[in-house]
Amino acid sequence: MKNPLSTLKSLVQILNDGHEGFKKAAEDIKDTELKTLFSKFSLQRKKFAGELETELRSLGEKDPQNEGTTYAGTAHRVWIDLKAAVLGNDSHAVLAEAERGEDVAVQAYKDAIADENLTASLRSIITRQAAEVKATHDEVKKLRDAVAR
């Protein structure tokens, strides 16, 4: 049985990894459309992390980002791969690595939603965020497939 604090911390770390990864991609990629899109996704992740950090603080957590998780480690490795792809400035490679990072985020949200210890309020926030994360994943995947053609 998972602790809701652990679930929220895991999501915050994944969101922070996504924020940093998309931010770095936006800074380094030359394609202006991808630059704009990655900036938008970076801000989305920062906003989501902030929402969950507020919830963690309301539950008594003083430092919402102080623990590592398996998901966060995986996401971090994926975003490191994304940074390498950005340096090569290959749009398809960048999108493929971003999709891999999004796969981790989508799965983390599925796992979080399955946490039976979440309050109705937390479940509502996480479900709403999960839908947007899935939409981001699908958009990145669609762009990756379009660039491959």
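The legends below describe close-up views of a predicted model.

**View 1. Helices α2 and α4 pass each other at a small set of listed residues.**
Helix α2 covers residues 32–58 and helix α4 covers residues 91–113. Their axes come within 13 Å and cross at roughly 20°. Angles under 35 degrees count as roughly parallel, and α2 and α4 are therefore roughly parallel to each other. The crossing of these two helices is left-handed. On the α2 side, the contact is made by L34, F38, R45, F48 and L52. On the α4 side, these meet S91, V94, L95, E102, A105 and Y109. Sorted by class, the α2 contact with α4 has 8 nonpolar, 1 polar and 2 charged residues.

**View 2. I29 sits in the loop between α1 and α2.**
Helix α1 spans 4–28, and I29 belongs to the loop between α1 and α2. The relative accessibility of I29 is 1%, so I29 counts as buried. The C-alpha atom of I29 is separated by 8.5 Å from that of V94, although the two residues are 65 apart along the chain. V94 is also one of the α4 residues that meet α2.

**View 3. K9 and E61 form a salt bridge.**
The closest N and O atoms of K9 and E61 are 3.4 Å apart. This pair links distant parts of the chain, with K9 in helix α1 and E61 in the loop between α2 and α3 (70–88), 52 residues apart. K9 has a relative accessibility of 7% and counts as buried. E61, at 14%, also counts as buried. A search of the whole structure finds 7 salt bridges, K9 with E61 being one of them.

**View 4. E97 and R100 form a salt bridge within helix α4.**
Both residues lie in α4, 3 residues apart, which is about one turn of the helix. Their closest N and O atoms are 2.5 Å apart. E97 is buried, with a relative accessible area of 16%, whereas R100 is partly exposed at 36%.

**View 5. R144 and E99 form a salt bridge.**
The closest N and O atoms of R144 and E99 are 2.2 Å apart. The pair links distant parts of the chain: R144 is in helix α5 (residues 120–148) and E99 is in helix α4, 45 residues apart. R144 counts as buried at 19% relative accessibility. E99 is buried as well, with a relative accessible area of 8%. D145 joins E99 and R144 in a network of salt bridges.

Notes:
Residues are numbered from 1 along each chain as its sequence is written. This is a predicted model: local features need pLDDT of at least 70, side-chain atom pairs count only at pLDDT 80 or more; totals for chains, interfaces and linings use all residues. Side-chain values use heavy atoms; hydrogens and water are left out. Axes are lines fitted to C-alpha atoms, for helices over the stretch in contact, and angles run from 0 to 180 degrees between N-to-C directions. Helices (H or I, at least four residues) and strands (E, at least two) are DSSP runs, numbered from the N terminus. Angles under 35 degrees count as roughly parallel, over 145 as roughly antiparallel, 65 to 115 as roughly perpendicular and the rest as oblique. A crossing is left-handed if the near helix is turned anticlockwise from the far one by less than a right angle, and right-handed if clockwise. Contact means heavy atoms within 4.5 Å. Ala, Val, Leu, Ile, Met, Phe, Trp, Tyr, Cys and Pro count as nonpolar, Asp, Glu, Lys and Arg as charged, and the others, Gly among them, as polar. Buried means under 20% relative accessible area, exposed over 50%, partly exposed in between (1.4 Å probe, protein chains only). A salt bridge is a side-chain nitrogen of Lys or Arg within 4 Å of a carboxyl oxygen of Asp or Glu.
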